[in-house]
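Biologist: Could you take me through one part of this model slowly, starting from a single residue in its interior and then following its surroundings outward? I would like a connected account rather than a list.

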Amino acid sequence: MYQNVKAQLVQTLEEISSAGLLKNERAIESPQGPHIRFQQKELLNFCSNNYLGLSSDPRLIRSSQEALETFGFGMSSVRFICGTQTIHLELESKISKLLSREATILFPSCFDANGAIFEVLLTDADAVISDELNHASIIDGIRLSKAVRYRYRNRDMHDLEKQLSQCSSARRRLIVTDGVFSMDGSYAPLQQICDLAERYDALVMVDDSHAVGFTGKTGAGTPELFGVSDRVDIISGTLGKALGGASGGYISAHKEIVDLLRQRARPYLFSNALAPSIVSASLTALELVEQGSDLREGLARNAFHFRSKMSEAGFTLLPGEHPIVPIMFEDEHQAKQMAEIMLDLGIYVVAFSYPVVPLGRARIRVQLSAAHSPKDIDLCVAAFVQARDILSAN
Ligand SMILES: *Cc1c(COP(=O)(O)O)cnc(C)c1O
């Protein structure tokens, strides 16, 4: 049998490759950070989700080491059998506190959190109304539920209202959106979404993976940024980005929603508990977020610095203030070639083109970190200018 399957798989792989969509992994030889080593060469890294620079922070590493000694390596259990330690509960309550929610439930990842919530909360009597650019895990989570699906154009409030008006007979309505759209660095218009939710009697869920820890005054994410914290019902998020970047996800919500998830959520009931070292370091990351705004301000300064310098240098950016900064190119190949030249110049950035982004909207997505120095950023801008010169001379 496999001989036939093999030939088919080889063909599929060739199709992916000839469409220019093959993803190649680059094996880095150092810890994650603003400076990484790749093939014996130091690179400046501008494509990680290490927003607060905590991925290899010595305080998180120490916390993780201490937890290894105190709480061991692995749990060898799901949460409800013997996989809950005191620190798992501590982490849940710390996330609740940061996000001003009643309760929080941890998952192995945010992908799993989003995979769990819709099936538990919605049946075929209910409706879910989802932004078209929502993360893949939301799309898959919705697929696992029997809810009637509505999709609205990205951040288009007229279209959201149109969809809402079509599901007035549903038992429950749930609007779900990313807090930040990761290809654009744009925010969901949460105020307008909450207004519409009120008018059409819908729940609101925000996946704030690209915001919690560094967006909003205290790092509580986009609901805080837009002043709608008490009007959002459900927040999902990840520990795998700004908060140390290891792994783990969560749903933070009203108590009854979290209570029910503990009984019914399949990725919670049937997948291993988070490792103690990750739980402990995540607690430390949250303490750092709680303690002050230095990291957040440093990140905002870096994003502003980079955006201004790139605009001055004549590049076209998608406007905004998020540390995700898309540099736009008219030509798909140009974006790709630019990224390759940048790598030769010692700057690691990634180009995205169709179908990951719309046709004609190719871009290099730069991501800033609080750990970048002003000099790192200046070197990155200089490399962009140099790469553009090299490209136009060819
Ligand atoms: C990264 C991301 C996820 C997945 O998070 P993991 O914890 O890595 O599974 C889910 N949703 C959004 C919006 C994300 O950006």
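Modeller: In this model, which is predicted and not an experimental structure, Val128 counts as buried because its relative accessible area is 1%, whereas a residue is called buried at anything under 20%. Val128 belongs to strand β4, and, once its neighbours within four places in sequence are set aside, Val128 is in contact with Phe118, Leu122, Ile142, Ala147, Val148, Arg149, Tyr150, Leu174 and Val176. Two residues of that list, Leu174 and Val176, lead directly into strand β6, where both of them are buried on one side of the strand.

Strand β6 spans residues 173-178, and six of its six residues are buried, so this strand is largely enclosed by the rest of the structure. The cover reaches both of its faces, with Arg173, Ile175 and Thr177 buried on one side and Leu174, Val176 and Asp178 buried on the other. As for its partners in the sheet, β4 (residues 127-131) and β6 pair in the parallel sense over four bridges, and within that pairing Ala127 stands opposite Arg173. Strand β6 also pairs with β9, again in the parallel sense, and here over five bridges; in this pairing the bridge partner of Thr177 is Val206 of β9.

Both β6 and β9 are met again when one turns to helix α8, since they are among the elements that cover its buried residues, a group that also includes β5 (148-152), α7 (157-165) and α9. Within α8 (residues 190-199) the buried residues are Leu190, Ile193, Cys194, Leu196 and Ala197. Seen down the helix axis, they fall within an arc of 160°, so they line one face of α8. A general point of helix geometry helps in reading such a pattern: an α-helix has 3.6 residues a turn, so residues three or four places apart point the same way. On the other side of α8, Glu198 and Arg199 are exposed, and just after the helix Asp201 takes a positive phi of about 55°. To relate this helix to the starting point, Val128 and Gln191 are 63 residues apart in sequence and 19 Å apart in space, taken from C-alpha to C-alpha.

Helix α10 (residues 255-264) can be read in the same manner, its buried residues being Ile257, Val258 and Leu261. They cover an arc of only 95° around the axis, which puts them on the same side of α10. The face turned away from that buried side carries Glu256 and Gln263, which are exposed, while the cover over the buried residues includes β3 (103-107), α5 (110-121), β10 (234-238), β11 (249-253) and α11 (266-269).

To place this region in the whole chain, the domain assignment gives domain 1 as 23-52 + 293-393 and domain 2 as 58-291. The C-alpha centres of the two domains lie 28 Å apart, and their contact takes 18 residues from domain 1 and 16 residues from domain 2.

Aromatic rings offer a further view of how distant stretches of the chain come together, and a search of the whole structure finds five aromatic pairs. One of these joins Tyr51 and Phe214 in a tilted arrangement, 4.4 Å centre to centre and with 40° between the planes. Tyr51 sits in the loop between β2 and α2 (58-71) and Phe214 in the loop between β9 (203-207) and α9 (222-225), and the pair thus links parts of the chain 163 residues apart. Both Tyr51 and Phe214 are buried.

Another pair is edge-to-face, formed by Phe315 and Phe384 at 5.6 Å centre to centre with 65° between the planes. Phe315 lies in the loop between α13 (294-312) and β12 (324-328), and Phe384 lies in helix α15 (residues 374-393), so this pair ties together parts that are 69 residues apart in sequence. Phe315 counts as buried at 10% relative accessibility, and Phe384 counts as buried at 0%. These two rings form one aromatic cluster with Phe306, and the charged end of Arg388 sits over the ring of Phe315, 4.2 Å from its centre.

Methods: Residues numbered from 1 in each chain as written. Predicted model: local features only at pLDDT ≥ 70, side-chain atom pairs only at ≥ 80, totals over all residues. Heavy atoms only, no water. Buried < 20%, exposed > 50% of the residue type's maximum accessible area, 1.4 Å probe, protein only. Arc of directions from axis to C-beta. Contact = heavy atoms within 4.5 Å. Phe/Tyr/Trp six-rings, centres within 6.5 Å; stacked < 30°, edge-to-face > 60°. Lys NZ or Arg CZ within 6 Å of the ring centre and 35° of its normal. Domains from an automatic or database assignment. Pairing = 2+ DSSP bridges.
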